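Q: I am new to reading structures and would like a guided close look at one chain and its surroundings. Please take me through it step by step.

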There are 2 protein chains.
Amino acid sequence: MSVDMMSAAKDLAVLGSRLERLTGEEADCCVPLYRDEAAKIARSPRFRASAARARALADERRLLAVALLRRRAELCACEIQAGLGVTHATVSHHMRILTKAGVVESERRGKWMYYRLSDREGGGLP
Amino acid sequence: MSVDMMSAAKDLAVLGSRLERLTGEEADCCVPLYRDEAAKIARSPRFRASAARARALADERRLLAVALLRRRAELCACEIQAGLGVTHATVSHHMRILTKAGVVESERRGKWMYYRLSDREGGGLP
DNA sequence: TATACGTGTAGATGTCTGTCGACATGATGA
DNA sequence: TCATCATGTCGACAGACATCTACACGTATA
């Protein structure tokens, strides 16, 4: 067992006794209770989808693109580029992330690529 | 005028003519239309608050902490530490971000620091 | 009051990601 | 078919951020 693992095991034991004092329970270790519950949540598909969506909306420019789409229903890539003030490469990068997260949908018409909010993007943000 | 600025001005002009062809309008440049609209949105307090909240929820561990708080109503720092499986320093760091974004509230009782969801955190995530 | 304890803070570090320039791709039109 | 155009993709780089260790600060308890 490495030094790191010994240190981690010790930390875990300390945390366990702390939680025992807090809850007043005599359980061998309360840590697994919280850890397992958290792990179960983290594995759920719904949580994973929420995490992906939250990560996609974390960037201010992507959030701005979504806000613009809420007002216009449909925008082509160059219009979004004009709004965000970045290169088309960056626009493509951001819209790809939003698309993969299920926030927006895209459709190609001729040379132009149009983006709109996904159906289930009803509420939430300005 | 630097090379970069000349390049940027040229890009802007290209984008403007592109948008003219798209919209069929004869405006000197359509770019300011989208840019100004986007800038107006980006300045609004509501957008800024949404951006801060989105950024706070972007990290998977913070989202997990929020999910745990939705089930327990109130958790102390060490319980969150057990759930997330990180050091207490990292927990403190994350909870500070969530607090500043208005997602959670904190209250100190003796040695223990308790966290709960902010009042207006009714819906949204699992 | 001295010690143990729970938590916040500061600095260092490794990883992630937003951004750009350059090139590739698919569509339109002469 | 070749040129032009709108957009996607790739590689590189700088800045942001998550995480840790070490230390500081308040609180409770002997």
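In what order do the elements of chain A run from the N terminus on?

A: Happy to help! Please keep in mind that this is a predicted model. Starting at the N terminus, the order of elements in chain A is α-α-α-α-β-α-α-β-β. That gives chain A 6 helices and 3 strands. Of its 126 residues, 26% count as buried. You can also ask how far along the sequence the contacts reach. If you take the contacts in chain A between residues at least 6 apart in sequence, 44% of them join residues at least 24 apart.

Now let us walk along some of the helices, beginning with α5(A). Here 7 of the 8 residues are buried, so α5(A) is largely enclosed by the rest of the structure. The buried ones are A:C78, A:E79, A:I80, A:Q81, A:A82, A:G83 and A:L84. Just after α5(A) comes A:G85, and its phi is positive, at about 70°.

Next, look at how two other helices of chain A meet. The helices α4(A) and α6(A) pack with their axes 10 Å apart, at an angle of about 70°. An angle of 65 to 115 degrees counts as roughly perpendicular, and α4(A) and α6(A) are therefore roughly perpendicular to each other. On the α4(A) side, the residues at this meeting are A:R61, A:R62 and A:A65, while α6(A) brings A:H94, A:I97 and A:L98. Sorted by class, the residues of this contact are 3 nonpolar, 1 polar and 2 charged.

You can look for the matching pair in chain B. There, α4(B), which covers residues 60–72, packs with α6(B) at an angle of about 70°, and their axes are 10 Å apart. This makes α4(B) roughly perpendicular to α6(B). B:R61, B:R62 and B:A65 of α4(B) make the contact with B:H94, B:I97 and B:L98 of α6(B). Its residues divide into 3 nonpolar, 1 polar and 2 charged.

How are the two chains placed with respect to each other? A rotation of 180°, with 0.0 Å of shift along its axis, superposes chain A on chain B, and the RMSD is 0.0 Å. The two copies are thus related as by a two-fold rotation axis.

The chains also touch. In this interface, 35 residues of chain A are in contact with 35 residues of chain B. On the side of chain A that touches chain B, α1, α2 (31–43), α3 (45–56), α4 (60–72) and α5 each supply at least two residues. The most comes from α2(A), with 7 residues. By class, this side of chain A has 23 nonpolar, 5 polar and 7 charged residues. Of the interface residues of chain A, 100% are also interface residues in chain B, so the copies meet through the same surface.

For a single residue to zoom in on, try A:A54, which is found in helix α3 of chain A. A residue counts as buried if 20 or more other C-beta atoms lie within 10 Å of its own; A:A54 has 23 other C-beta atoms within 10 Å, so A:A54 is buried. Leaving aside neighbours within four places in sequence, A:A54 is in contact with B:A54, B:L57, B:A58 and B:L63. By comparison, A:P32 is 22 residues away from A:A54 along the chain, and their C-alpha atoms are separated by 27 Å.

Finally, let us turn to the DNA. Around DNA strand C there are 24 residues, and the closest are A:A89, A:G110, B:C78, B:A89 and B:S92. The elements that each supply at least two residues of the surface near this strand are α1 (3–23) and α6 (88–100) of chain A, together with α5 (77–84), α6 (88–100) and β3 (112–117) of chain B. The largest share, 5 residues, comes from α6(A). This surface divides into 9 nonpolar, 8 polar and 7 charged residues.

DNA strand D is surrounded by 24 residues, the closest being A:C78, A:A89, A:S92, B:A89 and B:G110. Near this strand, α5, α6 and β3 of chain A and α1 and α6 of chain B each supply at least two residues of the surface. Here α6(A) gives the most, with 5 residues. The residues near strand D divide into 9 nonpolar, 8 polar and 7 charged.

How values were computed: Residues are numbered from 1 along each chain as its sequence is written. Chains are lettered from A and ligands numbered from 1 in the order in which they are written. This is a predicted model: local features need pLDDT of at least 70, side-chain atom pairs count only at pLDDT 80 or more; totals for chains, interfaces and linings use all residues. A residue is near a molecule or strand if its C-beta atom, placed from the backbone, lies within 6 Å of it. Helices (H or I, at least four residues) and strands (E, at least two) are DSSP runs, numbered from the N terminus. Ala, Val, Leu, Ile, Met, Phe, Trp, Tyr, Cys and Pro count as nonpolar, Asp, Glu, Lys and Arg as charged, and the others, Gly among them, as polar. Two residues are in contact if their C-beta atoms, placed from the backbone, lie within 7 Å. Copies are superposed by least squares on the C-alpha atoms of residues with pLDDT of at least 70 in both. Axes are lines fitted to C-alpha atoms, for helices over the stretch in contact, and angles run from 0 to 180 degrees between N-to-C directions. Angles under 35 degrees count as roughly parallel, over 145 as roughly antiparallel, 65 to 115 as roughly perpendicular and the rest as oblique. A residue is buried if 20 or more other C-beta atoms lie within 10 Å of its own, exposed if 12 or fewer, and partly exposed in between; C-beta atoms are placed from the backbone.
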